[in-house]
Amino acid sequence: MAGSSLWVVQLASLLAVGFVLGSVEASQGDVDPHYRTCVKECQSTAIIGSNIISHCQSPENDSIPAGNSWYTQEPLYTQWKQLNCMTDCRYYCMMQREEERQSGGLSPVKYHGKWPFIRVSVFQACFEPLSAALSALNLLMHFTGWLSFFLLVNYRLPVRPQTKRTYYEYTGLWHIYAILSMNAWFWSSIFHTRDIDLTEKLDYSSAVALLGYSLILSLLRTFNVKDEATRVMFAAPILAFVTTHILYLNFYALDYGWNMKVCIAMGVVQLLAWAIWAGVTRHPSRLKLWMVVFGGALAMLLEVYDFPPYKGYADAHSLWHASTIPLTYLWWSFIKDDAEFRTSTVVKKAK
């Protein structure tokens, strides 16, 4: 058992060191005074170098004073369909600043929590087409995984004769997990397609909610908690913390560095819980689970030890999106195996 989980502990240590060091500079680019000055001048003049920002010449743009009534602001559907003044100014100022940094021998930095990506001419409104497409694929993988799980527990495995409910004690919890997963990947694909404040907050909030619930579910399953009252006791403090964190991100400060620490911490705890539990219980599908844990830890390193986009298109985050696609397939395969294993165990005991 000690040897089987040693690599997980080592990866967890590497992750812990990484997220402490890697989140010190959360978003250096958007606090750069040169960048901020450029954005302000762009909004007032609608010109950046040789680029004329057409949206800033319109009366409906982001330069409207914040004190004006809500109905004088640009409608949400207009922000969605068009590249508004603030977005265009941020993009061209970012690219201009990065050219200056590159000529000075400096490495790229993040702006508003994201690396500087080059817009694809065919997808001018799509900020990160690769990440958006991979997020949609992850959504599809979770949907197909959940659908096969639903069919398994409801139509292929035996159910309790009196209540017609499944013998698997965690069926409902996995259904909730599937909903939160699909919701998180949906908003991830939307956010990577169109980056505005609303989609950014929905993406971050959905991801935190999913990680928090995944942590609760991992503890309930690994400690084999079946009693509803005990489940509430396990979940309550984590739910309180996750809710507070989401409220902090949405209504106080969208702190990218702090959010990274919270997410990595929750991820490391549940990876350790699953890996150790699989070894202790000798679960029949423990090898499959260890593959998911090991792959998940390696994928998480892409988020911690981040690097700028290659040729302005594919960064560590997009590679993380790609790596989670096969892991999702393995993960739902393990969940179905666990349902079969627990159902078989409970049925044998009932006889």
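## Salt bridges, disulfides and aromatic pairs in a helical model

The side chains of Lys288 and Asp337 meet in a salt bridge, with 2.7 Å from N to O. Since Lys288 belongs to helix 10 (residues 286–304) and Asp337 to helix 11 (residues 316–350), the pair ties together parts that are 49 residues apart in sequence. Lys288 itself is partly exposed, its relative accessible area being 23%. The model in which this contact is found is a predicted one.

### Overall architecture

The secondary structure of the protein consists of eleven helices and two strands, and these follow one another along the sequence in the pattern α-α-β-β-α-α-α-α-α-α-α-α-α. Of the 351 residues in the protein, 47% are buried.

Helix 7 (residues 197–222) may serve as an example of the helical elements: with 26 residues, helix 7 reaches 37 Å from its first C-alpha to its last, which is close to the 38 Å expected at 1.5 Å a residue. This helix is mostly covered, 19 of its 26 residues being buried. Just after helix 7, Asn224 takes a positive phi of about 55 degrees.

### Salt bridges

The model has eight salt bridges, among them the pair of Lys288 and Asp337 described above. Another is formed by Lys226 with Glu169, whose closest N and O atoms are 3.6 Å apart. This pair links distant parts of the chain, for Lys226 sits in the loop between helix 7 and helix 8 (228–251), whereas Glu169 sits in the loop between helix 5 and helix 6 (171–193), 57 residues apart. Lys226 counts as partly exposed, at 36% relative accessibility.

A salt bridge of local character in sequence joins Glu228 and Arg231, which both lie in helix 8, three residues apart, or about one turn of the helix; their closest N and O atoms are 3.7 Å apart. The two partners differ in their surroundings: Glu228 is exposed, with a relative accessible area of 53%, while Arg231, at 9% relative accessibility, counts as buried. Elsewhere, Asp32, Arg97 and Glu100 are linked in a network of salt bridges.

### Disulfides

A disulfide is a covalent bond between the sulfur atoms of two cysteines. The count in this model comes to two disulfides, and the table sets out their geometry.

| Disulfide | Sulfur-to-sulfur distance | Torsion about the S-S bond |
|---|---|---|
| Cys38 and Cys93 | 2.1 Å | about -85 degrees |
| Cys42 and Cys89 | 1.9 Å | about -75 degrees |

The torsion of about -85 degrees makes the disulfide of Cys38 and Cys93 left-handed. Cys38 lies in helix 2 (residues 33–45) and Cys93 in helix 4 (residues 85–103), so this pair ties together parts that are 55 residues apart in sequence. For Cys42 and Cys89, the torsion is about -75 degrees, so this disulfide is left-handed as well. Here Cys42 lies in helix 2 and Cys89 in helix 4, and the pair therefore ties together parts that are 47 residues apart in sequence. Cys38 and Cys93 are both buried, and Cys42 and Cys89 are likewise buried. A further cysteine, Cys263, is also buried, with a relative accessible area of 14%.

### Aromatic pairs and a nonpolar patch

The count of aromatic pairs comes to 24. One of them is formed by Tyr248 and Tyr252, a tilted pair with 5.2 Å from centre to centre and 35 degrees between the planes. Within this pair, Tyr248 is partly exposed, at a relative accessible area of 27%, whereas Tyr252 is exposed, at 66%.

Trp274 and Trp277, by contrast, form an edge-to-face pair, 5.6 Å from centre to centre with 75 degrees between the planes. Both tryptophans lie in helix 9 (residues 256–281), three residues apart, which is about one turn of the helix. Trp274 is buried, with a relative accessible area of 5%, and Trp277 counts as buried at 8%. These two rings also belong to a cluster in which ring pairs link Phe149, Tyr168, Tyr170, Trp174, Tyr177, Trp274, Trp277, Trp331, Trp332 and Phe334.

On the surface, Leu137, Leu140, Phe143, Leu147, Leu151 and Tyr155 make a nonpolar patch of about 560 Å². Leu151, one of its members, is found in helix 5 (residues 129–156) and counts as partly exposed, at 33% relative accessibility.

Definitions and conventions: Residues are numbered from 1 along each chain as its sequence is written. This is a predicted model: local features need pLDDT of at least 70, side-chain atom pairs count only at pLDDT 80 or more; totals for chains, interfaces and linings use all residues. Side-chain values use heavy atoms; hydrogens and water are left out. A disulfide is a pair of cysteine sulfur atoms within 2.5 Å. Helices (H or I, at least four residues) and strands (E, at least two) are DSSP runs, numbered from the N terminus. Buried means under 20% relative accessible area, exposed over 50%, partly exposed in between (1.4 Å probe, protein chains only). The expected span of a helix is 1.5 Å times one less than its number of residues. Patches are made of residues with over 30% relative accessible area and no salt bridge: like charges are joined within 9 Å, nonpolar side chains (Val, Leu, Ile, Met, Phe, Trp, Tyr) within 5 Å. Accessible areas come from the Shrake-Rupley method with a 1.4 Å probe; for residues, only the protein chains shown count as cover. A salt bridge is a side-chain nitrogen of Lys or Arg within 4 Å of a carboxyl oxygen of Asp or Glu. Rings of Phe, Tyr and Trp (its six-membered ring) pair if their centres lie within 6.5 Å; planes under 30 degrees apart count as stacked, over 60 as edge-to-face and the rest as tilted.
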